[in-house]
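Trainee: I'm new to this one and keep tripping over the terms. Can we go through it together?

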Amino acid sequence: ASSDCGCPTDGNLARRIDALSRPNSWPYATTFNLPVPFPKTAEESNRIKYFVESASTNAVAASVHGWAAIPGRNSQRGSIHLVLRSEKAVHLFTTVTIPRVDVPAVMKQAGWLNAGFHFARRLARLPTGDYQIGLLIVDGGHSEFVMTEHRLTLAGADSQGLIATSQ
């Protein structure tokens with residue numbers, strides 16, 4: 001199977017993310033996906049290419065998985081951040097870099113091996129609210145971000161991830 005971008009997808013991805021988000025099953029969910037300050041000089045950009053493969057929640061955690069990169073630029077480990085924007089606040093979190101051999105091949109960008117990202121954090125450590133999902137890429141001393149049509153509603157047991165039907 002493949003996604004809208006032509007990238008291969010794994011039918012078991014949602015189950016794997018759900019399993020990784022369970023307590024004590026993936027220690028990185030609280031170690032690496034940390035809140036960080038939003039860069040004052042970050043600019044909204046239409047240059048960022050991305051695909052959000054999943055945005056989901058379970059009883060204890062929320063997770064977002066996909067890829068993002070800037071054409072003509074090499075993707076760097078640790079450069080992709082998750083933006084959560086509501087009417088009242090903007091929150092920025094680090095993500096874990098996931099190597100993606102499919103993305104450079106399909107998108108014809110040899111430097112995009114490190115374009116994959118994964119975010120997972122316990123609901124108790126996330127702010128409640130209805131959030132639009134965005135992606136911020138730090139490229140040297142410059143930061144660019146794009147807001148997607150995808151959403152995370154963080155409300156304890158009633159939390160949910162909503163993937164838009166088109167990007």
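**Terms and values**

Trainee: What makes helix 2 and strand 5 stand out in pLDDT?

Mentor: The score pLDDT is the predictor's confidence in each residue, from 0 to 100. Among the elements of the chain, helix 2 (residues 28-31) has the lowest mean, 43, and strand 5 the highest, 98. Helices (H or I, at least four residues) and strands (E, at least two) are DSSP runs, numbered from the N terminus. Over residues 16-31 the pLDDT is below 50, and beyond near neighbours in sequence that stretch has 29 contacts in the model, a contact being heavy atoms within 4.5 Å. The chain as a whole averages 85, with 80% of the residues scoring at least 70.

Trainee: So what is counted here?

Mentor: This is a predicted model, where local features need pLDDT of at least 70, side-chain atom pairs count only at pLDDT 80 or more, and totals for chains, interfaces and linings use all residues. Residues are numbered from 1 along each chain as its sequence is written, and side-chain values use heavy atoms, leaving out hydrogens and water.

Trainee: How many helices and strands does the chain have?

Mentor: There are 3 helices and 11 strands. From the N terminus on, they run α-α-β-β-β-β-β-β-β-α-β-β-β-β.

Trainee: Why is tyrosine 50 called buried?

Mentor: Buried means under 20% relative accessible area, exposed over 50%, and partly exposed in between (1.4 Å probe, protein chains only). Tyrosine 50 has 18% relative accessibility, so it counts as buried. Tyrosine 50 belongs to strand 3, and its C-alpha atom is 6.5 Å from that of alanine 69, 19 residues apart along the chain.

Trainee: And threonine 94, buried or exposed?

Mentor: Threonine 94 is buried, because its relative accessible area is 18%. Threonine 94 lies in strand 6 (residues 90-94). Its contacts, not counting residues up to four places away in sequence, include Phe32, Ile80 and Phe119.

Trainee: Why does lysine 108 count as exposed?

Mentor: Lysine 108 has 68% relative accessibility, so it counts as exposed. Lysine 108 sits in the loop between helix 3 (102-107) and strand 8. Most residues other than glycine have a negative phi. Lysine 108 has a positive phi of about 60 degrees although it is not a glycine.

Trainee: What makes a set of residues a nonpolar core?

Mentor: The set must be buried Ala, Val, Leu, Ile, Met, Phe, Trp, Tyr and Cys residues joined through side-chain atoms within 4.5 Å. The largest one here has 23 residues, and Val64, Leu84, Leu135, Leu152 and Leu154 have the most contacts inside it. Strand 9 provides the largest share of this core, 4 residues. Leucine 135 touches Tyr50, Phe117 and Phe145, among others, not counting residues up to four places away in sequence.

Trainee: How do you know that there are cavities?

Mentor: On a 1 Å grid over the protein atoms alone, a cavity is a set of points where a 1.4 Å probe fits but cannot get out; lining residues have an atom within 4 Å of a point. Grid points are joined across faces, edges and corners, and a volume is the space filled by probe spheres set on the points. By this rule there are 2 cavities of 30 Å³ or more, and the largest has a volume of about 90 Å³. Strand 9 gives the most to the lining of the largest cavity, with 3 residues.

Key. 1 Å grid on protein atoms, 1.4 Å probe; cavity = no way out; pocket = protein on both sides within 12 Å on 5 of 7 lines; lining within 4 Å.
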